[in-house]
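This report describes one protein chain in plain terms. Please look over the sequence and the structure before reading on.

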Amino acid sequence: MTQQDSDAPSSSPSTTTKTPAKSETRQMINEILAIALPSLGGMLLDPIMSLIDTACVGQVSTTALAAMAPCTSIFQFAFFAFFFLSAATTNLVASNPPESVYDVADTTEAAKRVDFNERVVSNAAGLAIVLGSIVTMALVRFSDPLLHLAGIPVGNTALLNAARPYLLIRAMGLPFVFLATVLQGSSLGRGDAWRPLRIFGTAGLVNLVGDVWLTLFKGWGATGAATATVVAQVGAAIYYMISSMRLDKSVEASSKPLRDVALVWRGLPSKHIVKTFLNVAMVLFSRSIGLMLAFSMLTRTAALGGETALAAHQVTLQVWWLLSFLPEPMSVAAQTLITRDMKDRKFRVPKLVKTLYGMCGVLGLSAAALTGVILHAPAVAGALVADVTVQKMMASLVPFAVLSQSYCPMATLSDGVCIGLGSFSHLPVIMVASFLTTASGLALVASQNMGVVGVWACMNVFMSTRIAGHLVMSGKLRKYLKKAFRGEKKNLQTKASQKNHHLWKFVMTQYYEPKQGLEQPNHCRL
């Protein structure tokens, strides 16, 4: 080999500049999918159970199906209002990975992080059981007023009597649902999304079998659907709790990557943990309240159109709500990965943000297409509800449901990105503004008798105002979006300039600079 050959670069400039960027993007996609795909199953537990209940009851009675709509709104409200327990647990556990500081010679720092995570999970689990029990007692005590508030007319005794048993039975499962969501948050914070998927997937199968048997074969109607759902929820929570208590509690075992946090009693919460938890929890709680107030207001306005309109709204909302969870794991991945990288690898965050929004956009379009197919296809709609009149009304809602589904993921992901960036104090303000805007639209719908079509037009108003609110109120989100998308062009220009510089330097080195020990070519001599 000649001296010239030995001095030549081993690869072309284009290879050296493009390959690392592509490999980094692939690595980010793999990291996102490792959290998002398994966590999708856990998130879909409650929506799938509600949809199964809706499909089974819809084959039996339109009145019972209409009665489930306000009940579902109440449980959605409770689920989202207290989902801050899971989200705060995920955020706190993800920000304290013990494996990053574990040292065989000195495990002091790792032991502190393990202890902190166990305290967070223990305190959050206890809080979930207490809050779940309080909500259950409140639903039992104020069932009729809450059902009227959710949309059942005061004089409609038949609809109230059909809704009350479903509400009371499902209320018994709320403490277990809250506990399971906290343990799921712990798993997601450690990057272990497969464990909740296995547990909640099994619970979904139990609910499906129980719904079909009790509702269709035993003739229990909505009561059978509620019973099957509660049995599945209680079983999932108890198994999750026992298996978490039996985990190895040593520092070495707890510091392994993707190892879940053991559930142990760590005493009453310290002031530091309470303050840290509340900083995240109160913001997310107020966000959830605003979110579910809007959904409840939508259902209440739809109820003004009668049982058929309410039944069509119930089925459409259940399908929409289920498919809106397809991009939801992107928000969880954003919270976990951005929180982690903001601590030690902040330079990766812009590219991670760009990758998340790109993937979420594709999932949003996919969810919108599936929404249109399910609600418009006669065979699929017939499987959800037997009443042809309800099916026709559902078909009229398709354009609005598809449109809102297409950009709902951007609003959801923006929530997760802001939480990961630590810029989430504006979330309650956005929810209040979105709710007030939507409430004004719904008041117009009710006064002009626009019906359930007008209700779903307001769903689009709600989603679009959430996105606009993020862009207006979060300076940190705008900063990283600019870095992610505008900065990419600058990076490409910089890389192109560097490539040309290296190429020119290589040419000059090979042909115009003298080589040590070699005579210069005649055409290079002065």
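Leaving aside its neighbours within four places in sequence, which residues is Phe295 in contact with? They are Leu317, Trp320, Met459 and Met463. The model examined here is a predicted one.

**Overall make-up**

The protein has 22 helices and zero strands. Of its 526 residues, 51% count as buried. Contacts can also be sorted by how far apart the two partners are along the chain. Among contacts with a separation of 6 or more, 82% join residues 24 or more positions apart. The surface that the protein exposes comes to about 23,300 Å², and 66% of this area is supplied by carbon and sulfur atoms.

**The nonpolar cores**

Phe295 belongs to the largest nonpolar core, which has 103 residues. Together with Trp320 and Trp456, Phe295 is one of the residues with the most contacts inside that core. Helix H4, residues 62-81, gives the most to this core, with 13 residues. A second core, separate from this one, has 28 residues, including Ala36, Ala333, Leu337 and Val353.

**A covered helix**

Helix H5 spans residues 84-94 and is mostly covered, with 11 of its 11 residues buried. Among them are Phe84, Leu85, Val93 and Ala94, but also Ser86, Thr89, Thr90 and Asn91.

**Two helices side by side**

How do helix H8 and helix H11 lie relative to each other, roughly parallel or roughly perpendicular? Helix H8 covers residues 157-171 and helix H11 covers residues 222-245; their axes come within 9 Å and cross at roughly 10°. Angles under 35 degrees count as roughly parallel, and H8 and H11 are therefore roughly parallel to each other. On the side of H8, the contact is made by Pro165, Tyr166, Ile169 and Arg170. On the side of H11, the residues making the contact include Ala222, Ala225, Thr229, Val230 and Gln233. By type, the residues of the contact between H8 and H11 divide into seven nonpolar, four polar and one charged.

Helix H11 also holds Ile238. Ile238 is partly exposed, with a relative accessible area of 35%. Between Ile238 and Leu179 there are 9.0 Å from C-alpha to C-alpha, while in sequence these two residues are 59 residues apart.

Ala225, one of the contact residues of H11, also appears in a second pair. Its partner there is Trp213, and the C-alpha atoms of these two residues, 12 residues apart along the chain, are separated by 9.2 Å. Trp213 has its place in helix H10, residues 194-217, and is partly exposed with a relative accessible area of 49%.

**Two loop residues with positive phi**

Leu258 has a positive phi and is a residue other than glycine. Asn449 likewise has a positive phi although it is not a glycine. The table sets out their values and places.

| Residue | Phi | Loop between | Relative accessible area |
|---|---|---|---|
| Leu258 | near 70° | helix H12 (251-254) and helix H13 (271-303) | 52% |
| Asn449 | about 55° | helix H20 (427-447) and helix H21 (451-473) | 69% |

Are these loop residues buried or exposed? Residues over 50% relative accessible area count as exposed. Leu258, at 52%, therefore counts as exposed, and Asn449, at 69%, is exposed as well.

Technical notes. Residues numbered from 1 in each chain as written. Predicted model: local features only at pLDDT ≥ 70, side-chain atom pairs only at ≥ 80, totals over all residues. Heavy atoms only, no water. Core = buried A, V, L, I, M, F, W, Y, C linked by side-chain atoms within 4.5 Å. Buried < 20%, exposed > 50% of the residue type's maximum accessible area, 1.4 Å probe, protein only. Helix = DSSP H or I, 4+ residues; strand = E, 2+ residues; numbered from the N terminus. Contact = heavy atoms within 4.5 Å. Areas by Shrake-Rupley, 256 points an atom, 1.4 Å probe, with all protein chains shown as cover. Axes fitted to C-alpha atoms, helices over the stretch in contact; angles between N-to-C directions. Parallel < 35°, antiparallel > 145°, perpendicular 65-115°, else oblique. Nonpolar A, V, L, I, M, F, W, Y, C, P; charged D, E, K, R; others polar.
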